[in-house]
Amino acid sequence: MTNLPSLPRQIALDLGHTPKPSLDNFISTGNENLSTILKSLQDSWLRADSSTDPLRVDMRMIHAWGISGSGRTHILQAMYLKGVELGIDAFMLNQDSSPDDWRKAGKAIEENSTSPVILCVDDIDHLDEFSQGALFRLHNLIKESSKQSLVTASLLPPANLELREDLRTRLAWGLVFQMHALSDGEKLQALQQAALARGLNLSTEVAPWLLRHFHRDMPSLMSLLEALDAYSLETKRAITLPLVKEMLAQKN
């Protein structure tokens, strides 16, 4: 029996690596308007040192809601990480955040009303009484500022959330987007487009097989595509279904 070649160490590591969320690796199909607004907000941070103009109203309060797998957490983490990368005050909060986490964000927002700040709050439908009160206060502070933004996310639209009434009202003041999850056909298309962008030619059965037998979320699928690219180069072979199975078998 012929032994399979050993899997190169760097490929084994890549296969277990999920790229950091960003707007660049967010598949925006069905969510193009939301993606455009968020990218415009990030662009405004790049101009922060040279511009004294306040943020556009449509970049100040943004709420996204949608089913699991639609990318809600991805876009929030993308905004938070980009803020950190650019050195602006950035905060990522959710139902697990401590009172001190909320107070820290509140202090930064209150003391920097004319500087860029991004506050991202995930799963607001699960916030406890203290966190709802804190978010209500922070919402009011950001509304009165000139360069601060609040991006929130939930499973349901604001009007259907079981939150305190004044907070529900505030959440509907800004832009509200329903996020749409990719269909299987759109995931297949996204995989093929990502492969073409890398100069890869997937055999026709590869992408459908991955959807049936691998994690179906796009970050995991893109991570696997990255590993396949490296393995294909290492073995000097095209990306066919036998190659995919061979690599996964060696990883396991």
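Here are some questions and answers about the pocket, the cavity and the nonpolar cores of this predicted model.

Residues are numbered from 1 along each chain as its sequence is written, and side-chain values use heavy atoms, with hydrogens and water left out. Local features need pLDDT of at least 70 and side-chain atom pairs count only at pLDDT 80 or more, while totals for chains, interfaces and linings use all residues.

User: Which element gives the most residues to the lining of the largest pocket?
Analyst: Happy to help! A pocket is an open set of points on a 1 Å grid over the protein atoms alone, with protein on both sides within 12 Å along at least five of seven lines, and lining residues have an atom within 4 Å of a point. The largest one has a volume of about 460 Å³, and G69, S70, G71, H74 and P219 are the closest to its centre among 24 lining residues. Two elements, α3 (72-86) and α9 (218-235), give two or more residues. The one that gives the most, with four residues, is α3.

User: How many residues of the lining of the largest cavity come from β1?
Analyst: Good one to look at next. A cavity is a set of grid points where a 1.4 Å probe fits but cannot get out, and the largest here holds about 50 Å³ of space. At least two lining residues each come from β1 (61-65), β4 (148-154) and α6 (165-171). The largest share is that of β1, with three residues.

User: What is the span of α9 from its first C-alpha to its last?
Analyst: The helix is a DSSP run (H or I, at least four residues), and α9 has 18 residues. The expected span is 1.5 Å times one less than the number of residues, which gives 26 Å for α9. The model comes close to that, at 25 Å.

User: Which element supplies the largest share of the largest nonpolar core?
Analyst: Such a core is a set of buried Ala, Val, Leu, Ile, Met, Phe, Trp, Tyr and Cys residues joined through side-chain atoms within 4.5 Å, where buried means under 20% relative accessible area (1.4 Å probe, protein chains only). This core has 26 residues, and α7 (184-197), α8 (206-213), α9 and α10 (241-251) each give two or more. The largest share, eight residues, comes from α9.

User: Which residues is L228 in contact with, leaving aside its neighbours within four places in sequence?
Analyst: Contact means heavy atoms within 4.5 Å. L228 is buried in α9 and is among the residues with the most contacts inside the largest core. Its partners are L210, I239, V244 and M247.

Notes. Grid points are joined across faces, edges and corners, and a volume is the space filled by probe spheres set on the points. Buried means under 20% relative accessible area, exposed over 50%, partly exposed in between (1.4 Å probe, protein chains only).
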